[in-house]
Every structure is written in C-alpha cells, then in structure tokens.
Amino acid sequence: MHNFEYRHGELYCEDVPVSRIAKEVGTPCYIYSHATLIRHIRAYDQAFKSIPHVMAFAMKANSNLAILRLMAKEGSGVDIVSGGELFRALKAGVPPAKIVFAGVGKSAEEIRDALNADILMFNVESPAEIQAIHDVASSMKKKARIALRINPDIDPKTHPYISTGLKKSKFGIAADRALEEFKQAASLTHVEVVGVHAHIGSQLTEVSPFVESLKKVLGLVEALKGQGINIRYLNIGGGLGITYSDEKPPLPRDLADAISPQLKGLDITLVMEPGRVIVGNAGILVTKALYEKVGEAKRFIIVDAAMNDLIRPSLYSAYHDIRPVSEVIMQRARHTVDVVGPVCESGDFLAKDRMLPEMKPGDLLAVMSAGAYGFVMASNYNSRPRVPEVLVKDGEVHVIRARETYDDLIRGEAVPAFLG
Ligand code: LLP
C-alpha cells in the first residue's frame, strides 16, 4: 500500500500532483510520502505488539536525516553499519539505546565511537571482531554488549547478491561453530554477550525461511542456557520483501503471526531490522524524457535519470515499475522500449522491454518503489550531481535534500602545486 495514485489523470503523491513537484524542484528527483512511511512503520510495530521488541530501522535502505528523525519520533531505533550511519543517527536524534551495529568490518575507530555513544549492542560477525571489540572496550574501561550473528545456512530464495544466510556467505558465524564462539566470548572480561542475531537476506517473499531460521536460533538459545549463558535479545534482522511488480510478500502481521507463538513465555526481547518494507514503496524517482531513439533492433526512451541515481536495475537486474506521470499520454501509440539514462555505459538502464506510450521531450515518468536502496546507492559517476529528495506531508512539499551543485562535485579535491 502506498500513496502514489492517479487522480484526474495525473499521478499524485498524497494530495500533491507529481508534476507540480517536478516543476518546483526539477528532475530527476526522489519523492517520499510521509503518510506511507508512517503507515508502514506503525504496521510493523503494531504487528509485534504482543511481544517485547525493539524496532531498529535498517537505515542503509534510506538514511536521509528527515526520514531518520521521523523514525525516531515514531519510537523506532536504527540498525547501523558504519561510523557514518552512527553519525547520521545521532544527528537525527535516534536514542543510542535503540541503535544496533552490524557489519563484517567494523574499524577500531567505529567501535570506539559506538561505545562512546553507548549503543544498545554490536552484532558481531567473527571471532576476530569479538576480540577487537573487547580490546577497544578494555582500553576505554567499558563493557561492550554484543550479539553474535549466526549464519543459519538457510536459502532465502532471493537474488544471490542480497542472500546473506548461506554457508558460502561472508556474513555471520557458522551455526555449528556458534556454541564454541559464544562460550569463548562469554569468558572475555570487557564484552557482555546479550543476544543472537540472524539476518538471512533481503526481499524475502515467503515467511518460511524466517521460521526455519528462528528455529535454529532458538535451539542455540536453549543450548546456551545449558551453558549458563542467558540470551536477552533475539534479533531476526530485516528482509521482508515488497511488491515491485506482482510479488505477493507476506505482511508484517503474517511474519509476526508465524514467529510470535514460538517466543511466547521466553524472557527475550525481539529486535527487528526492517528496511525495504518500511521505505521501498514510500518513494518514487521522477524523471523526464529527453529523447526517443529508434535503433536498428530496439527502441529507447532516453531520460534524465540514470544508473548513478538508481542503480538497482543495473546491479541486480531489479524490476521497477515505470509509469507516465500524466495518464493522458497512455492514449498514444505504444511500443516495447528500453528506458535508459545518459550515462556512458550499456548497463545504464532503468527498465528493459517495457510497453510504454510514445514520449515527447519533457514528458514525465515515475520509477516506482524507489524509496529503499535508491538515493542511498546513488553516486556522482559521470560527474552527475546527486538529485534532490522531497518529503510530501499534508499537501506540503519539503525538500529534505537539495540537488547537488557542480561545486559539490569537486568539494575536497585539490590540484597539487607541481601541476601549476
Ligand atoms: N539487517 C541487516 C544485517 C542487513 O544486512 C540488512 C540489509 C537489513 C537488516 C535490511 O534488510 P531489508 O529489510 O531492507 O531487506 N541494496 C540491495 C539490498 C541490500 C540489503 C543489505 N542488507 C537492494 O537494493 O536490493
């Protein structure tokens, strides 16, 4: 469910015509719906209301300060993966007691900053990292709370680039080594083992991999109890999929219904790290047609957005629905086209082989479901300034990130004196 709908033949974001926003801030631009964000975050939180839980929005999906502030105001924490994300989260007012820190390569500086902020816990991914956290904590005379991320070896049945819980993956500690590693960690003086973490992948469209993973994790929790290690937090990661085209992913409620019964009666707080499901369908990328080109074998619509603005189609062959902002043009002749950007790469496309009406220069297209892993993965490739982000609320349009300028492109660069 989202708030991008046609009214009077025009695509709207909530009560605002998308074409008006495009006129105001230019194209390309990302547009997010406040109402959708709020609905998604509340639906997820509500679904789990029967069990003690901490919601930690996976901010890698969308880390704009305004979005984070909104999450914090809704009572959500965040899942971070870098010092930069910690910085953003603190700036946005996310309470440190609701911040969890994942990732296979945390540096000593990042660990120190997180300990200084007194975050809830580190999700650790290897024995070497446990030692590193211990050493930094010891030098600061602190005790670091940690959860061990285990790799439950479960196939989430999603794109290989976003599967993380298989044996061959770089993430987590193998389930059969976990007990030993937990015992080892529990013997250290400057870490406190408080949780188990298992995130198996992203864009999952079934509940069963979550349930299987939870079963393995609960088995481990039981075994740990036998060893005198009491687990207080159980982190199931994120990963719930969304509808990009015709997928029918489970709702947060379905996930909650499948896993809550297994947690009843356990003295455990559930931690969840949803990303895509909260922001994915709360955002679109708006782009303008520049040219139509009829090639020998293909027809192209060349638009002003490119792979540097939204890399998912190029990187994962991801499907994003593309809709004309004005429905009127749907009456024009239609053709099968590739929608491509101006970047000098054959891999620069937003869509392939789509049936779309003929486009005139200036006609607007909306790339749907672009709120997650959209702007955050944007780059300046081809020296293209990154595009603005806009938040719509109650009929008002708020620019939450300005379009970059050419000066932004060269900020920090220097020509050494020897080059004259
Ligand atoms: N927790 C951990 C430890 C993660 O690694 C991730 C995502 C999440 C939570 C959030 O997962 P979500 O609920 O968003 O599925 N760039 C890719 C997705 C990469 C996901 C990485 N980890 C894409 O555009 O599809």
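In this predicted model, the buried residues of helix α4 are covered by several elements, including α3 (65-73), β6 (77-80), β7 (99-101) and α5 (108-117). Helix α4 itself spans residues 83-91, and its buried residues are G83, E85, L86 and A89. Because these four residues cover an arc of only 155° around the axis, they sit on the same side of α4. On the other side of the helix, F87 and K91 are exposed. A reader turning the structure in the viewer can therefore look for one face of α4 that holds G83, E85, L86 and A89, grouped within that arc of 155°.

Both ends of this helix have a feature to look for. At the N-terminal end, S82 acts as a cap for α4, with a side-chain oxygen 3.3 Å from the backbone nitrogen of G84. After the helix comes G93, and the phi angle of this glycine is positive, near 85°.

From this one helix, the view can widen to the whole protein. The fold contains 12 helices and 21 strands. How does its radius of gyration agree with that of a compact globule? For 420 residues, such a globule would have a radius of gyration near 22 Å, and the protein has 23 Å, so the two agree. Along the principal axes, the C-alpha atoms fill a box of roughly 70 × 60 × 45 Å. Of the 420 residues, 54% are buried. Among contacts with a separation of 6 or more, 70% are between residues 24 or more positions apart. The accessible surface of the protein comes to about 18,400 Å², and carbon and sulfur atoms account for 52% of that surface.

The model also holds a ligand, with 19 residues around it. Which of these residues come nearest? They are S202, E273, R312, Y316 and Y373. Polar atoms of the protein also lie beside the ligand's own nitrogen and oxygen atoms. A polar side-chain atom of D79 is 3.3 Å from a nitrogen atom of the ligand. The backbone takes part as well: a polar backbone atom of G239 lies 2.8 Å from a ligand oxygen atom, and for R276 a polar backbone atom is likewise 2.8 Å from an oxygen atom of the ligand. On its own, the ligand has 590 Å² of accessible area, and the protein covers 92% of it.

Another place to visit is strand β4 (residues 29-33), where S33 is found. Is S33 buried or exposed? With a relative accessible area of 0%, S33 is under the 20% limit and therefore counts as buried. The side chain of S33 makes a polar contact of 2.7 Å with the side chain of E14. Beyond its neighbours within four places in sequence, S33 is in contact with N3, F4, C13, E14, A282, L391 and V392.

A few backbone angles also deserve a look. Most residues other than glycine have a negative phi, and most peptide bonds are trans. The peptide bond from T27 to P28, however, is cis, with omega near -10°. P28 is found in the loop between α1 (18-25) and β4.

Positive phi values appear at H8 and D118, neither of which is a glycine. For H8, phi is about 45°, and the residue is placed in the loop between β1 (4-7) and β2 (10-13). H8 has a relative accessible area of 73%, over the 50% limit, so it is exposed. For D118, phi is near 60°, and this residue belongs to the loop between α5 and β8 (121-124). At 47% relative accessibility, D118 lies between the 20% and 50% limits and so counts as partly exposed.

One last pair of residues links sequence with space. H8 and L68 are 60 residues apart in sequence, and their C-alpha atoms are 33 Å apart.

Methods. Residues are numbered from 1 along each chain as its sequence is written. This is a predicted model: local features need pLDDT of at least 70, side-chain atom pairs count only at pLDDT 80 or more; totals for chains, interfaces and linings use all residues. Side-chain values use heavy atoms; hydrogens and water are left out. Buried means under 20% relative accessible area, exposed over 50%, partly exposed in between (1.4 Å probe, protein chains only). Helices (H or I, at least four residues) and strands (E, at least two) are DSSP runs, numbered from the N terminus. The arc is that of the directions from the helix axis to the C-beta atoms. Contact means heavy atoms within 4.5 Å. A polar contact is a pair of N or O atoms within 3.5 Å; within protein, one must be able to donate a hydrogen and the other to accept it, and residues adjacent in sequence count only if both atoms are side-chain atoms. The radius of gyration is taken over C-alpha atoms; the globule rule is 2.2 Å times the number of residues to the power 0.38. Accessible areas come from the Shrake-Rupley method with a 1.4 Å probe; for residues, only the protein chains shown count as cover. A residue is near a molecule or strand if one of its heavy atoms lies within 4 Å of it.
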